[in-house]
Amino acid sequence: MNQFDLEQFMESHGRDILSFCSYLTGNREEAEDLCQDVFVQGFERAERIENEVHAKRFFLSMAVHLWKNRKRKYAWRQRIVDEQVVPIAKMESEQNESEQTPEQVAIRQEEKEYIRKCVKMLSKKKQIVVLLYYMEELKEKEIAEMLGIPLSTVKSRLREAKKELASMLSDRM
């Protein structure tokens, strides 16, 4: 992939990568720093990128690995692990909000916030799999390759996360 292609990729997928980083970090400033580091390293490793589809997976994978390294460093320095990941990126509405009544918009927003809170209650390992599967629409096999874990582990984490989320969401209904 040449320099022009990477710039085009950044324009077309930069928001997705930043949004994913926001979910991982739970902090807008940290997400921006992480996203910047991801793109810097991506530009440095441009020769490894085969095409745009591969590039998105490559950048998402890099975001997960850089975030894990930062968390490890922070935990080591603080001697504690911060178990809270707050997804703050906004989910895009499935319907055009201009076509909805104000009540529908408010209800939809409340539902999104509740779902974010439920996802936040999952373990980090399950959160990452859920975010990659639903937010980035990656296949289970792609997630396994990206995270360097067995496919069966991805499937079980996803299955367990779905059960936990279903339970949490059914309590509210």
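A residue counts as buried when its relative accessible area is under 20%. The structure is a predicted model. This briefing covers a group of phenylalanine rings and the packing of two helices. Ring pairs join Phe 9, Phe 39, Phe 43, Phe 58 and Phe 59 into a cluster. Helix 5 (residues 124-135) packs against helix 6 (residues 140-147) with the axes 10 Å apart.

**Aromatic pairs**

- Across the whole structure, a search finds 6 aromatic pairs.
- For Phe 9 and Phe 59, the ring centres are 4.9 Å apart and the planes stand at 35 degrees, so this pair is tilted.
- Phe 9 belongs to helix 1 (residues 3-25) and Phe 59 to helix 3 (residues 52-78); with their positions 50 residues apart, the pair links distant parts of the chain.
- Phe 39 also pairs with Phe 59, at 5.0 Å centre to centre and 40 degrees between the planes, and this pair is tilted.
- Because Phe 39 lies in helix 2 (residues 28-44) and Phe 59 in helix 3, their pair ties together parts that are 20 residues apart in sequence.
- Phe 59 thus takes part in a pair with Phe 9 and in a pair with Phe 39.

**Burial of the paired rings**

- Phe 9 has a relative accessibility of 1% and therefore counts as buried.
- Phe 59 is buried too, its relative accessible area being 0%.
- The relative accessible area of Phe 39 is 4%, so Phe 39 is buried.

**Helix 5 against helix 6**

- The angle between helix 5 and helix 6 is about 130 degrees.
- That angle makes helix 5 oblique to helix 6, because angles over 145 degrees would be needed for roughly antiparallel and 65 to 115 for roughly perpendicular.
- The two helices cross in a right-handed sense.
- Helix 5 contributes Ile 128, Val 129, Leu 132 and Tyr 133 to the contact, while helix 6 contributes Glu 140, Ile 143, Met 146 and Leu 147.
- Sorted by class, the residues of this contact are 7 nonpolar and 1 charged, with no polar residue.

**Helix 6 and the residue after it**

- Buried residues in helix 6 are Glu 142, Ile 143, Ala 144, Met 146 and Leu 147.
- Of these buried residues, Ile 143, Met 146 and Leu 147 are also among the residues that make the contact with helix 5.
- Gly 148, just after helix 6, has a positive phi of about 70 degrees.

Technical notes: Residues are numbered from 1 along each chain as its sequence is written. This is a predicted model: local features need pLDDT of at least 70, side-chain atom pairs count only at pLDDT 80 or more; totals for chains, interfaces and linings use all residues. Side-chain values use heavy atoms; hydrogens and water are left out. Axes are lines fitted to C-alpha atoms, for helices over the stretch in contact, and angles run from 0 to 180 degrees between N-to-C directions. Helices (H or I, at least four residues) and strands (E, at least two) are DSSP runs, numbered from the N terminus. Angles under 35 degrees count as roughly parallel, over 145 as roughly antiparallel, 65 to 115 as roughly perpendicular and the rest as oblique. A crossing is left-handed if the near helix is turned anticlockwise from the far one by less than a right angle, and right-handed if clockwise. Contact means heavy atoms within 4.5 Å. Ala, Val, Leu, Ile, Met, Phe, Trp, Tyr, Cys and Pro count as nonpolar, Asp, Glu, Lys and Arg as charged, and the others, Gly among them, as polar. Rings of Phe, Tyr and Trp (its six-membered ring) pair if their centres lie within 6.5 Å; planes under 30 degrees apart count as stacked, over 60 as edge-to-face and the rest as tilted. Buried means under 20% relative accessible area, exposed over 50%, partly exposed in between (1.4 Å probe, protein chains only).
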